[in-house]
Amino acid sequence: MMAPGHQVVGFTFGVGALTLLPQLGIVTERPFQTVLFLLFVMFGSLLPDIDTPASKLGQKFWRGLMTIFAASLLIYLFIPEYIGRYREEVKVFVMLLLPVLIMIRGHRKMTHSLLFVGVLIVYSIILQQVFMIPWLYLSGLIVGVVSHLFADYITVKGIPLAYPLSKKHVQFILTFKTGSDMERLVVFSLIVWNVWFLTSTIF
């Protein structure tokens, strides 16, 4: 599915999570937290495509990563004393980045599997405990990633759910091609449903 479609599906999953999971709160009670939750969902809905530099998120990620590495190299060459001073910060950065770099091995592979979701859940728990990041937002990230996998699961290409145990792509019974008129119809229908649901909930 294309990036805009992933975001619409992600938003739909986010609204569904807010509705079906009372502990997350409802839209009318905590509007600011709800908006932040949905922003994390939207980011998560694009996260699995970070495995390819051609995707929207992948382009920004790899550009930013190369910038950071270039800056680190310059610091190491010309002002190496800063490396020792900020050793702990560098360690935290590497710890956060390492799982992503390990899993990137080609499009629709590791980041489109159940293993990726499991690792993300465990890693989110670690982030919550170490950095005190509210679980509300981390759960939004997880919901977004799950929505991405579902959206690609209903396309013709499918996803390797059991990777790396099996590289076979599986798909839903009814599928459509990425970028097809059917995808646009599904996305449009979800937009209409989201608008109707939110307006009826708020008003």
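Leaving aside its neighbours within four places in sequence, which residues is Tyr-153 in contact with? In this predicted model, Tyr-153 touches Ile-159, Val-170, Gln-171 and Phe-172 once those neighbours are set aside. Tyr-153 belongs to helix 7. Its relative accessible area is 24%, so Tyr-153 is classed as partly exposed, a class that lies between the limits of 20% and 50%. One of its partners, Phe-172, stands 19 residues away from Tyr-153 in sequence, yet the two C-alpha atoms are 6.0 Å apart in space.

**The chain as a whole**

The protein chain contains eight helices and zero strands. Read from the N terminus, its elements follow the order α-α-α-α-α-α-α-α. Of the 203 residues in the protein chain, 36% are buried. Contacts that link distant parts of the sequence can also be described for the chain. Among contacts between residues at least 6 apart in sequence, 64% join residues at least 24 apart.

**Two packings of helix 1**

Helix 1 covers residues 3-20, and helix 7 covers residues 135-153. Helix 1 also packs against helix 2, which spans residues 31-44. The table sets out the geometry of both pairs.

| Helix pair | Axis separation | Crossing angle |
|---|---|---|
| Helix 1 and helix 7 | within 8 Å | roughly 125° |
| Helix 1 and helix 2 | 9 Å | about 140° |

An angle over 145 degrees would count as roughly antiparallel, and one from 65 to 115 as roughly perpendicular. The angle of about 140° falls in neither range, which makes helix 1 oblique to helix 2. Helix 1 passes helix 2 in a right-handed crossing. On the side of helix 1, this contact is formed by Gln-7, Gly-10, Phe-11, Gly-14, Val-15, Ala-17 and Leu-18, and on the side of helix 2 by Thr-34, Phe-37, Leu-38, Val-41 and Met-42. Sorted by class, the residues comprise eight nonpolar, four polar and no charged ones.

The angle of roughly 125° between helix 1 and helix 7 likewise leads to the description of this pair as oblique. The crossing of helix 1 and helix 7 is right-handed. Here helix 1 contributes His-6, Val-9, Gly-10, Phe-13, Gly-14 and Ala-17, while helix 7 contributes Val-143, Val-146, Ser-147, His-148, Phe-150, Ala-151 and Asp-152. Seven of the residues in this contact are nonpolar, five are polar and one is charged. Gly-10, Gly-14 and Ala-17 of helix 1 take part in the contact with helix 7, and these residues also appear in the contact with helix 2.

**A salt bridge in helix 8**

Side chains of opposite charge can pair when their charged atoms come close. How many salt bridges does a search of the whole structure find? The search finds one. This salt bridge joins Arg-184 to Asp-181, with 2.5 Å between the closest N and O atoms. Both residues lie in helix 8, which comprises residues 181-202, and they are three residues apart, about one turn of the helix. The relative accessibility of Asp-181 is 59%; because this value is over 50%, Asp-181 counts as exposed.

**A cis peptide bond**

Most peptide bonds are trans. The bond from Tyr-163 to Pro-164, however, is cis, and its omega is near 5°. Where is Pro-164 found? Pro-164 is located in the loop between helix 7 and helix 8.

Notes. Residues are numbered from 1 along each chain as its sequence is written. This is a predicted model: local features need pLDDT of at least 70, side-chain atom pairs count only at pLDDT 80 or more; totals for chains, interfaces and linings use all residues. Side-chain values use heavy atoms; hydrogens and water are left out. Axes are lines fitted to C-alpha atoms, for helices over the stretch in contact, and angles run from 0 to 180 degrees between N-to-C directions. Helices (H or I, at least four residues) and strands (E, at least two) are DSSP runs, numbered from the N terminus. Angles under 35 degrees count as roughly parallel, over 145 as roughly antiparallel, 65 to 115 as roughly perpendicular and the rest as oblique. A crossing is left-handed if the near helix is turned anticlockwise from the far one by less than a right angle, and right-handed if clockwise. Contact means heavy atoms within 4.5 Å. Ala, Val, Leu, Ile, Met, Phe, Trp, Tyr, Cys and Pro count as nonpolar, Asp, Glu, Lys and Arg as charged, and the others, Gly among them, as polar. A salt bridge is a side-chain nitrogen of Lys or Arg within 4 Å of a carboxyl oxygen of Asp or Glu. Buried means under 20% relative accessible area, exposed over 50%, partly exposed in between (1.4 Å probe, protein chains only).
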